[in-house]
Amino acid sequence: MRVFTYGIKKEKMDAIKHRFGTADYFDVTPQYQDILALCVDIVVIAVDHMPKDILNTIKAYQAEVSEDEDTKYYYLTDAQIDEWSRGVI
């Protein structure tokens with residue numbers, strides 16, 4: 001499984017890894033949004049750290065390809081990531 005993350009702070013990555021388990025994790029920057037077209041299983045986006053225009057571009061891309069790809073998108077706030085962190089050492 002491959003997981004792309006956008007804007008996830010390093011100290012929050014343990015929560016993401018705990019949630020999705022064993023996977024290849026790639027932290028990418030908004031400039032690499034075109035690589036979403038690659039075979040990726042999950043895209044995790046920290047909406048609190050993503051510029052609105054980039055977020056809108058990603059959502060537009062997702063809407064455009066949703067019928068043709070199986071990628072799961074998670075748009076998370078810091079509060080949601082913190083919730084996932086509970087119980088993670």
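Good morning. I begin with a single pair of side chains: Asp 82 forms a salt bridge with Lys 12, and the closest N and O atoms are 2.3 Å apart. Asp 82 belongs to helix 3, residues 78-85, while Lys 12 sits in the loop between strand 1 (2-6) and helix 1 (13-20), so this pair ties together parts that are 70 residues apart in sequence. Please keep in mind throughout that we are looking at a predicted model.

How many salt bridges does the count give? The count comes to one salt bridge. Are its two partners buried or exposed? Lys 12 has a relative accessibility of 13%, and because buried means under 20%, Lys 12 counts as buried. Asp 82, at 36% relative accessibility, counts as partly exposed.

Let me now step back to the whole chain. The protein has three helices and four strands. Read from the N terminus on, its elements follow the order β-α-β-β-α-β-α. Of the 89 residues in the protein, 36% are buried. Among contacts with a separation of 6 or more, 67% are between residues 24 or more positions apart.

We turn next to the sheet. In which order do the strands lie? The four strands form an open sheet in the order 2-1-3-4, with parallel pairing. Strand 2 and strand 4 (72-76) are the edge strands, each pairing on one side only. From one strand to the next, the twist averages 20 degrees.

Two of the strand pairs deserve a closer look. Strand 1 pairs with strand 2, residues 24-28, in the parallel sense over five bridges. Within this part of the sheet, Phe 4 stands opposite Phe 26 in strand 2. Strand 1 and strand 2, together with helix 1, make a right-handed β-α-β unit. Strand 3, residues 42-46, pairs with strand 4, also in the parallel sense and over five bridges. Here Ile 45 stands opposite Tyr 75 in strand 4.

The helices can now be placed against this sheet. Helix 2, residues 52-65, packs on the sheet and touches strand 1, strand 3 and strand 4; its direction makes about 155 degrees with that of strand 4. Helix 3 lies across strand 3 and strand 4, and runs at about 105 degrees to strand 4.

How do helix 1 and helix 3 meet? Their axes come within 8 Å and cross at roughly 65 degrees. The crossing of helix 1 and helix 3 is left-handed. On the helix 1 side, the contact is made by Ala 15, Ile 16, His 18, Arg 19 and Phe 20; on the helix 3 side, by Ile 81, Trp 84 and Ser 85. Helix 3 is also the element that holds Asp 82, the residue with which I opened.

My last example is Val 47, which is found in the loop between strand 3 and helix 2. With a relative accessible area of 23%, Val 47 is partly exposed. Which residues does Val 47 touch, not counting those up to four places away in sequence? They are Leu 55, Tyr 75, Leu 76 and Thr 77. For Leu 76, which is 29 residues from Val 47 along the chain, the C-alpha atoms of the two residues are separated by 5.8 Å. Tyr 75, as we have seen, stands opposite Ile 45.

To close, I return to the salt bridge between Asp 82 and Lys 12. I suggest finding these two residues in the structure, and then following the chain from one to the other. Thank you.

Conventions. Residues numbered from 1 in each chain as written. Predicted model: local features only at pLDDT ≥ 70, side-chain atom pairs only at ≥ 80, totals over all residues. Heavy atoms only, no water. Salt bridge = Lys/Arg side-chain N within 4 Å of Asp/Glu carboxyl O. Buried < 20%, exposed > 50% of the residue type's maximum accessible area, 1.4 Å probe, protein only. Pairing = 2+ DSSP bridges. Right-handed = clockwise from strand over helix to strand, strands pointing away. Axes fitted to C-alpha atoms, helices over the stretch in contact; angles between N-to-C directions. Left-handed = near helix turned anticlockwise from the far one by under 90°. Contact = heavy atoms within 4.5 Å.
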